[in-house]
Amino acid sequence: MDNVTLHVRFAPDGTVAEISERPASLTPQQWFNKLSEAIGLKAYQTFAGGRGVFKTTRDQIEALKTAA
């Protein structure tokens, strides 16, 4: 089971500007919301400067991408 880190970058207004592994059918904000709901904010770590990361498994990400 591979672990992955998805990087998130926020705009000054708090919306998601960029996020890793995003399916083309979803906006960055929609992908962030889906990840938050599916794997929870326990897997999310906030960093300074409007950044953060989700740490999860490759299997979880692939399943969410398929469902999107």
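**Exercise 1.** In this predicted model, how many of the seven residues of strand S4 (residues 51–57) are buried?

*Solution.* Take buried to mean under 20% relative accessible area. With that cut-off, five of the seven residues of S4 are buried, and the strand is mostly covered.

**Exercise 2.** Determine which strands pair with S4, and name bridge partners that fix the register.

*Solution.* Begin with strand S1 (residues 3–10), which pairs with S4 in the antiparallel sense over seven bridges. Within this pairing, Val4 has Thr56 as its bridge partner in S4, while Arg9 stands opposite Arg51. Then turn to strand S3 (residues 44–47), which runs antiparallel to S4 and is joined to S4 by four bridges, with Thr46 standing opposite Gly52. Finally, inspect the connection: S3 and S4 form a hairpin with three residues between them, and Gly49 in the turn has a positive phi of about 80°.

**Exercise 3.** In what order do the four strands form the sheet, and which are the edge strands?

*Solution.* The strands form an open sheet in the order S2-S1-S4-S3, with antiparallel pairing. Strand S2 (16–19) and S3 are the edge strands, since each pairs on one side only. From one strand to the next, the twist averages 25°.

**Exercise 4.** Across which strands do helices H1 and H2 lie?

*Solution.* Consider each helix in turn. Helix H1 (residues 28–39) lies across S1, S2, S3 and S4, and runs at about 70° to S2. Helix H2 (residues 58–67) lies across S1 and S4, and runs at about 100° to S4.

Note on methods:
Residues are numbered from 1 along each chain as its sequence is written. This is a predicted model: local features need pLDDT of at least 70, side-chain atom pairs count only at pLDDT 80 or more; totals for chains, interfaces and linings use all residues. Side-chain values use heavy atoms; hydrogens and water are left out. Buried means under 20% relative accessible area, exposed over 50%, partly exposed in between (1.4 Å probe, protein chains only). Helices (H or I, at least four residues) and strands (E, at least two) are DSSP runs, numbered from the N terminus. Two strands pair if DSSP finds at least two bridges between them. Axes are lines fitted to C-alpha atoms, for helices over the stretch in contact, and angles run from 0 to 180 degrees between N-to-C directions. Contact means heavy atoms within 4.5 Å.
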